[in-house]
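Hi,

Here is the structure I promised to pass on to you. Have a look at it first, and my notes follow underneath.

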Amino acid sequence: MTPQKPSSLALGLLCLGLAACSGTPRSEYPGADAARERQTMQAAADAGTEGAGAIDSAGTYLRLVERMQQDGLWFASLAHVDALEARHGVTPASTRLRADALRQTGQDAASDAAYRRLVGTPLEAAGYHGLGLLAGGEGDFAEAARLMEQARRSTPTDGLLLSDLGYALLRAGRIDAARVPLMQAAQLRPDQAQVQANLALYLEASGRTDQASALMDAQRLPTASREAIRQAARDLAGGGAPAVTADLPAGFAPGGLALRTATRASLPRTAAATTASAAERAPSTPDTGRTP
């Protein structure tokens, strides 16, 4: 297996993250209010001491940086973590933001050190999760799974962590062990297409092709994404690494270690949760004799 470095996926993920919003009325743009608030806070931050009162609260500044990272502004967020810590001091929350930004900007050694500083703090699980992501980026999925198992002990209901753990187990060749965390993730985070794609990959890899197709139908995945999942399952069955494609890159999405669909569309929570539950209850295929 050839290890995939996060940097090799950065351009593809950046292209997937870009969206044309021109011509969209502000009232129809779900992030408009948050974007306006973020711009106001940014202006206050840039104003120096004159505007410092607008972000005088450490909590407010943390939320600013979190929103920047949600928008993929990793380099800018790293600069603001510096400003945040200069003004309010270093905390586990700021260290986590720094570690994530360092990882997303390809500074793995510094990111590793920052994640390790979270061990022994209330955010220890985030530290182990991040270390697992770094291990996966080096192609060591057995170590990634081990670290994420440690994270799960503290945060057993974190759906994104469970999805990352399940994917790491799949890549480590432990397909049966991936079943429970991926089913848990799908029911905890039915709104996340990335999580549902990982479950579909598990279903395909374990021979439950009908259930995988039903799940992808429910998620309205495009044809290219469906084929990418099926090809990744074939690669896993053959002991190889899933190939990176334009529509469904294997490796790192902004939220973690996963297969990430190009589409953001997903069903409402209730419908998606029903789909995941149905996959758990569905009769097994004649070839396997087991449910997911």
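Arg-234 and Glu-227 join their side chains in a salt bridge, with N and O 2.5 Å apart. Arg-234 is partly exposed, at 43% relative accessibility, and Glu-227 is partly exposed as well, at 37%. Please keep in mind that this is a predicted model.

The count of salt bridges comes to nine, and a few others deserve your attention. Arg-230 pairs with Glu-204, the closest N and O atoms being 3.4 Å apart. Arg-230 sits in helix H13 (residues 223–237) and Glu-204 in helix H11 (residues 193–205), so this salt bridge ties together parts that are 26 residues apart in sequence. Arg-230 is partly exposed at 24% relative accessibility, whereas Glu-204, at 13%, counts as buried.

Helix H8 offers a local case: the side chains of Arg-152 and Glu-149 meet in a salt bridge at 2.9 Å, N to O. These two are three residues apart in H8, which means that about one helical turn separates them. Arg-152 has a relative accessible area of 21% and is partly exposed; Glu-149 is partly exposed too, with 23%. There is also a network of salt bridges, which links Asp-82, Glu-85 and Arg-98. As background, side chains of opposite charge can pair when their charged atoms come close.

Now to the nonpolar side of things. The largest nonpolar core has 47 residues, and those with the most contacts inside it are Leu-170, Leu-199, Leu-201, Tyr-202 and Ile-229. Leaving aside residues up to four places away in sequence, Leu-199 touches Leu-182, Met-183, Ala-186 and Leu-215. Apart from this core lies another one, of eight residues, including Leu-62, Val-81, Leu-84 and Leu-97. In soluble globular proteins, nonpolar side chains tend to be buried together.

Three of the residues that Leu-199 touches, Leu-182, Met-183 and Ala-186, are among the buried residues of helix H10. The others on that buried list are Ile-175, Ala-178, Pro-181 and Ala-185. H10 has a kink of about 25°, centred on Pro-181. What about its span? The 14 residues of H10 (residues 175–188) should cover 20 Å at 1.5 Å a residue, and the end C-alpha atoms are indeed 20 Å apart, so the two values agree.

How many aromatic pairs does the structure hold? There is one. The ring centres of Phe-141 and Tyr-167 are 6.4 Å apart and the ring planes stand at 80°; an angle over 60 counts as edge-to-face, so that is how this pair is classed. Phe-141 belongs to helix H8 (residues 141–154) and Tyr-167 to helix H9 (residues 159–171), so the pair links distant parts of the chain, 26 residues apart. Both Phe-141 and Tyr-167 are buried.

One backbone detail to finish. Most residues other than glycine have a negative phi. Arg-220, however, has a positive phi, near 55°. Arg-220 is found in the loop between helix H12 (209–218) and H13, and with a relative accessible area of 48% the residue is partly exposed.

Happy to talk any of this through once you have had a look.

Best wishes

Terms used: Residues are numbered from 1 along each chain as its sequence is written. This is a predicted model: local features need pLDDT of at least 70, side-chain atom pairs count only at pLDDT 80 or more; totals for chains, interfaces and linings use all residues. Side-chain values use heavy atoms; hydrogens and water are left out. A nonpolar core is a set of buried Ala, Val, Leu, Ile, Met, Phe, Trp, Tyr and Cys residues joined through side-chain atoms within 4.5 Å. Buried means under 20% relative accessible area, exposed over 50%, partly exposed in between (1.4 Å probe, protein chains only). Contact means heavy atoms within 4.5 Å. Rings of Phe, Tyr and Trp (its six-membered ring) pair if their centres lie within 6.5 Å; planes under 30 degrees apart count as stacked, over 60 as edge-to-face and the rest as tilted. Helices (H or I, at least four residues) and strands (E, at least two) are DSSP runs, numbered from the N terminus. The expected span of a helix is 1.5 Å times one less than its number of residues. The bend at a residue is the angle between axes fitted to the seven residues ending there and the seven starting there. A salt bridge is a side-chain nitrogen of Lys or Arg within 4 Å of a carboxyl oxygen of Asp or Glu.
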